[in-house]
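Work through the exercises below with the model open. Try each task before reading its solution.

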Amino acid sequence: MHSVFNMNIVVATTALLIITSCFASTTDLFPKPRLIGGRIVGGEIVDIRDVPYQISLLYNGFHICGGSLISKTKVLSAAHCVYKQSTSVFSIRTGSSRMGFGGKVVKVTNITSHPLYNPRNVDYDFSVLELEDYQEKGVVQSFVTLPEQDDNVEDGVMMMVSGWGSTKNSSESNSLLRAVKVPKFNQEECNRAYQIYGGVTDRMICAGYDKGGKDACQGDSGGPMVDAEHKTLVGVVSWGYGCAVPNYPGIYSKVSSVRDWIKETSGV
């Protein structure tokens, strides 16, 4: 009993170090924002068949972040999820709605983070993970559609964010995949709200409600935000203040801003 408890502490501490390490030197510049390590707040349980591109990113076998399959052997996730870590400690679980069970576990063989990734303000928060070849027969999965370079989304368009993690509700387990729908938030208003943290850049896109209540949060980092109607990958879960806090929408890395880099890096 004690050994299991101690192992949980080690795993939780390791994940926390990964998620927060890139902000270790920023406290003298801005108040520290939270990286969305992962939870869906105000969402509902979904089946992997509803989001078959969703993967769980594993660190030494334990879930720490999300990601999106963009081809059989390529995943798009967040740079802060893998920052300064060895490729050998990472794998992914694909084709399962349950965190830690089912589907197929596949090793990560190479990681390419965006060369302009800035851990101080979380700009260019993108990484492409290459997977070992594997037999996908019987695995529930498909690949998410990518936008064109510099495609823009109008304010109010509904987005769907999915992932595992804390739900801010003790009666809601985070072991099952959840999703929440949130509207695209006005960029200028979002920038004003986050001025105390240095604002948002053109590589970021915001989504959420003025009143809060629905959001992504710690444990969802790197996961997908798709256009709810067309299922195009608009954003990668990145950072924000609190979780589902009024007037502080979640901030996502804008996929269309680096579409050419994704193509160059992944061939997709």
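A salt bridge here is a side-chain nitrogen of Lys or Arg within 4 Å of a carboxyl oxygen of Asp or Glu. The model is predicted: local features need pLDDT of at least 70, side-chain atom pairs count only at pLDDT 80 or more, and totals for chains, interfaces and linings use all residues. Residues are numbered from 1 along each chain as its sequence is written, and side-chain values use heavy atoms, without hydrogens and water.

**Exercise 1.** Find how many salt bridges the whole structure holds, then place the one between Glu136 and Lys72.

Solution. The search finds five salt bridges. In the Glu136–Lys72 pair, the closest N and O atoms are 3.2 Å apart. Glu136 sits in the loop between strand 9 and strand 10 (158-163), Lys72 in the loop between strand 5 and strand 6; they are 64 residues apart. Strands are DSSP runs (E, at least two residues), helices likewise (H or I, at least four), numbered from the N terminus. Lys72, Asp133 and Glu136 form a network of salt bridges.

**Exercise 2.** Decide whether Lys74 is buried or exposed, and look for its nearest opposite charge.

Solution. Start in strand 6 (residues 74-77), where Lys74 is found. Lys74 is buried (under 20% relative accessible area; exposed is over 50%, partly exposed in between; 1.4 Å probe, protein chains only). Lys74 has no salt bridge: Glu130, the nearest side chain of opposite charge, is 4.3 Å away.

**Exercise 3.** Trace the order of the strands in the barrel.

Solution. Six strands close into the barrel, in the order 4-5-6-9-8-7, with antiparallel pairing (at least two DSSP bridges between two strands). Strand 8 (residues 104-113) and strand 9 (residues 127-131) are joined by five bridges. Val108 stands opposite Leu131 in strand 9.

Terms used
Lys and Arg count as positive and Asp and Glu as negative; His and the chain ends are not counted.
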